[in-house]
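Q: I should like to learn how internal spaces and cysteines are read from a model. Could you guide me through the case shown here?

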Amino acid sequence: MTLSDTRAPEPPLQVASNKRWLILAVIAIAQVMVVLDATIVNIALPSAQVDLQFTNDQRQWLITGYALSFGSLLLIGGRVADLFGRRLTFLVGVAGFALASAVGGAAGSFEILVAARVGQGVFAALLAPAALSLLTTTFTDPKERAKAFGIFGAIAGGGGAIGLLLGGVLTEYLDWRWCMFVNLIFAGAAFLGGVALLDRSTADHRPKLDLFGVATATAGMFALVYGLANAEAESWSHSLTWGGITVGVVLLAVFAWWQTKAPSPLLPLRILLHRNRGGAFLAIFILCAGMFVIFLFLTYFLQVNLQFGPVKSGVSFLPMIGTLMVSATLATTVFLPRVGPRPLIAGGMLVAGAGIALLALLDETSTYASGVLPGLLIAGAGIGLTMAAGMNVGILGVDADDSGAASAAINAVQQVGGSIGTALFSSVAAGAVTTAMMEGKAPASAAIAGYSAAFLGSAILFAVGAVVAGLVLRPGVPEELGTAGPAVHM
């Protein structure tokens, strides 16, 4: 018996069947808004830089500001959902995200735009855990939950590519500011749907908020993400890089120790000590660390080397979204109930790694059809299998009172994994470009050498992830997949 089994689960609330799928639509709209915001701004950056006249050194803070506030506040955001109700937390998160987006779209200076991005991260830290918590408490039937998580996993995995497509269309045909204003449309639909469909929910008891846990977790996540972001801007040897990472690791270690002592822990360790759940967390961390290489470096290859415009670049990712959505749905509805998580997650990582390895073979003569498309199709299939199965298994069997904390933890794993992957592979690419230039290669060839090095590193990481998943995850089908047990939130 695991630690997560020592607490008797509360009976799940039954949601009327005619409302469940409408609630999923509301949650999906909100999740799309949060996920695509991580990439849609990338497309808008060049135009925003010309408009607001900020420097190359400054522009990274438009990405980092969002990552810092989002990543560092996720755990407390999840606990807020547990303590004060998922519906209220969801609605506040949606409304606040919309307000921050409106400020960003109307920004007349770089400083205002950065402040708006930080604000988006703050409210996303409330919204994301509440959305996943609502999903898992709404769908209590195993078969329906499998379908819902297939859809949710596809959104989580494909939202980045959708952001590139939407950002390209908005930037090319309207203005970069619409990459911020578009969130008002998503938020309006999600807010009105939430008000109409979501039932009020509160915890049976409200333990005191773990203030020391809040302080150490928030400061630790902030320092870690800051250090990783600084590695891309400066170097891995820079004092702010290793100093931030060191402080972050120490504070998070203190946080983990304190969670074993705190009377009302912010992140109860029983959530993580379950073998399948812990393995799913590791898998999602590795997946997110490796998958953003595709969005970041392939976008440059398409626009710089193949001379694709913003819209055409975004459309180029649609085949990947297609295979991702199909595989994510099959993962939770067909494969997971039959074979369990270990072969599915490990196999998905191997498939994704194979697709990214094909992208590492790109050169100056490569075309989209022969060089890019095969890798995208294969990588999308593998990412869909891993993401949907990992998110489902990562929340199985969590007590209802811990659902917000568990949901926040998975979101934090995604955010930190993506930050680490971006910093690590940006550094790898930069080093490969420098080496290629020293060898006398032309700038275009040197750039491709950088992309290839990053893709190869990501493929290796996925192979390692497959091994880790195979060793950590339990064989067989989890018992919870066959019962309508309590839901957990991501």
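A: The following turns treat a pocket, a cavity and the cysteines of this predicted model.

Q: Which residues lie nearest the centre of the second largest pocket?

A: A pocket is an open space. Here, the second largest pocket holds about 540 Å³ of space. It is lined by 18 residues, and Leu267, Leu272, Phe281, Ala409 and Val413 lie nearest its centre.

Q: Which helix supplies the largest share of that pocket's lining?

A: The largest share, five residues, comes from α15. At least two residues each are supplied by α8 (211-233), α9 (239-259), α10 (275-305) and α15 (403-438). In character, the lining divides into 17 nonpolar residues, one polar and no charged.

Q: How many cavities of 30 Å³ or more are there, and what lines the largest cavity?

A: A cavity is a space where the probe fits but cannot get out. The count here is five cavities of 30 Å³ or more, and the largest cavity has about 70 Å³ of space. Its lining includes Val41, Leu113, Arg117, Trp176 and Cys179. α1 gives the largest share, four residues, while α1 (17-52), α5 (110-138) and α7 (178-197) each give at least two. Nine lining residues are nonpolar, none is polar and one is charged.

Q: How many disulfides are counted, and are Cys179 and Cys288 buried or exposed?

A: A disulfide is a covalent bond between the sulfur atoms of two cysteines. In this model the count is zero disulfides. Buried means under 20% relative accessible area. Cys179 is therefore buried, at 1%, and Cys288 is likewise buried, at 3%.

Notes
Residues are numbered from 1 along each chain as its sequence is written. This is a predicted model: local features need pLDDT of at least 70, side-chain atom pairs count only at pLDDT 80 or more; totals for chains, interfaces and linings use all residues. Side-chain values use heavy atoms; hydrogens and water are left out. On a 1 Å grid over the protein atoms alone, a cavity is a set of points where a 1.4 Å probe fits but cannot get out, and a pocket is an open set with protein on both sides within 12 Å along at least five of seven lines; lining residues have an atom within 4 Å of a point. Grid points are joined across faces, edges and corners, and a volume is the space filled by probe spheres set on the points. Ala, Val, Leu, Ile, Met, Phe, Trp, Tyr, Cys and Pro count as nonpolar, Asp, Glu, Lys and Arg as charged, and the others, Gly among them, as polar. A disulfide is a pair of cysteine sulfur atoms within 2.5 Å. Buried means under 20% relative accessible area, exposed over 50%, partly exposed in between (1.4 Å probe, protein chains only).
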